[in-house]
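Subject: Handover of a structure and notes on its contents

Dear colleague,

Please find below the structure that I am handing over to you. My notes on it follow, with each term explained where it is used.

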Amino acid sequence: MSNSNTAGQVIRCRAAVAWEAGKPLVIEEVEVAPPQTNEVRLKILYTSLCHTDVYFWEAKGQNPLFPRIYGHEAGGIVESVGEGVTDLKAGDHVLPVFTGECKDCAHCKSEESNMCDLLRINTDRGVMLSDGKSRFSIKGKPIYHFVGTSTFSEYTVVHVGCLAKINPLAPLDKVCVLSCGISTGLGATLNVAKPKKGSTVAVFGLGAVGLAVSLFISCYLPYIYICDTFTACLGVCLCV
Ligand SMILES: [Zn+2]
Ligand SMILES: [Zn+2]
């Protein structure tokens, strides 16, 4: 279906639905309602699996909220926009982010915080902010959102403040990891660890986050010890 004939309509598409904690996801046909005020509906072209999805799917020790559509590291194209959305239009390439920015609260205006009052990550909420309802359903039964992104669906609805517009020339199959893992590694390096020039650092764990930390630290430190659970230490990386 083209963008023009789906705007304002319910879209039926496939999604991987988690019906119960720890049970295999099931590919279902879901209905995705049109975006409401300050919301955007997008077609997800690529999505990856992050351990945070697995953690909340297992639901060990958190509030279980099912049925739910997980997924938060992805790349997609805007299909249609709701009322009040002026920053994005159909056809724009975007990355969803689970910690969004309203651009108006004290946190958004501060250079020291990105914990937006409105759009900071909320793992307990499974509905949209504008009306407290889900945009996903199966035969009328609501299916809950996850961290405002729910990218394990061919179409999803996201608050406009939880989308980053990107250059359409960027390959979505590769840049989708900027949506969580790579940006987490970058933020941990530049905003939290802040390693001093000339220091030597060790990075434990070489998943997407650890690799991103190694990459960004390597830009300005000569030595990094990179370690993973499979070996005591994979080696010393000479970066200059
Ligand atoms: Zn993640
Ligand atoms: Zn804010």
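Two residues are said to be in contact if their C-beta atoms, placed from the backbone, lie within 7 Å. By that criterion, and not counting residues up to four places away in sequence, C105 touches C116, D117 and L118.

Some conventions should be stated at once. This is a predicted model, in which local features need pLDDT of at least 70 and side-chain atom pairs count only at pLDDT 80 or more, while totals for chains, interfaces and linings use all residues. Residues are numbered from 1 along each chain as its sequence is written, and chains are lettered from A and ligands numbered from 1 in the order in which they are written.

**Overall division**

The protein chain is divided into domain 1 (3-176) and domain 2 (183-238); such bounds come from an automatic or database domain assignment. The C-alpha centres of domain 1 and domain 2 are 30 Å apart. An unreviewed UniProt entry carries the annotation "domain: Alcohol dehydrogenase-like N-terminal" for residues 37-166. UniProt positions are given in the numbering used here, feature names are shortened, and annotations may be inferred rather than shown by experiment. Residues 37-166 are 9% helix and 29% strand, and the end C-alpha atoms of this span lie 22 Å apart. Helices (H or I, at least four residues) and strands (E, at least two) are DSSP runs, numbered from the N terminus.

**The sheet of five strands**

Strands of a sheet pair through backbone hydrogen bonds, either parallel or antiparallel. Here, two strands are taken to pair if DSSP finds at least two bridges between them. An open sheet is formed by 5 strands in the order 8-3-4-5-9, with antiparallel pairing. Its edge strands, each pairing on one side only, are strand 8 (155-159) and strand 9 (163-166). From one strand to the next, the twist averages 45 degrees. For such angles, axes are lines fitted to C-alpha atoms, for helices over the stretch in contact, and the angles run from 0 to 180 degrees between N-to-C directions.

At one edge, strand 3 (residues 39-48) is joined to strand 8 by 5 bridges, and the two run antiparallel. L42 stands opposite T156 in strand 8.

Is strand 8 buried or exposed? A residue is buried if 20 or more other C-beta atoms lie within 10 Å of its own, exposed if 12 or fewer, and partly exposed in between, with C-beta atoms placed from the backbone. In strand 8, 5 of the 5 residues are buried, so the strand is largely enclosed by the rest of the structure. Y155, V157 and H159 point one way from strand 8, T156 and V158 point the other way, and all are buried. In a regular strand the side chains alternate between the two faces of the sheet.

At the other edge, strand 5 (residues 93-96) and strand 9 run antiparallel and are joined by 4 bridges. The bridge partner of P96 in strand 9 is L163. A164 is also found in strand 9. This residue is partly exposed, with 14 other C-beta atoms within 10 Å. Leaving aside neighbours within four places in sequence, A164 is in contact with V94, L95 and V97. A164 and P96 are 68 residues apart along the chain, yet their C-alpha atoms are separated by 6.3 Å.

**The sheet of four strands**

Another open sheet, of 4 strands, has the order 1-2-6-7 and antiparallel pairing. Strand 1 and strand 7 (141-143) are its edge strands, and the twist averages 50 degrees from one strand to the next. Strand 1 (residues 11-17) pairs with strand 2 (residues 26-32) over 7 bridges, and R14 has E29 in strand 2 as its bridge partner. Strand 2 pairs with strand 6 (residues 136-138) over 2 bridges, where V32 stands opposite F136. Strand 6 and strand 7 pair over 3 bridges, with S137 opposite P142.

**Helix 2 and C105**

In helix 2 (residues 51-58), the buried residues are D53, F56 and W57. They lie on the same side of helix 2 because they cover an arc of only 105 degrees around the axis, the arc being that of the directions from the helix axis to the C-beta atoms. H51, V54 and E58, on the other side of helix 2, are exposed. A59 follows helix 2 and has a positive phi, near 55 degrees.

C105 lies in the loop between strand 5 and helix 3 (106-109). C105 is partly exposed, with 16 other C-beta atoms within 10 Å. The C-alpha atoms of C105 and H93, 12 residues apart along the chain, are separated by 26 Å.

Yours sincerely
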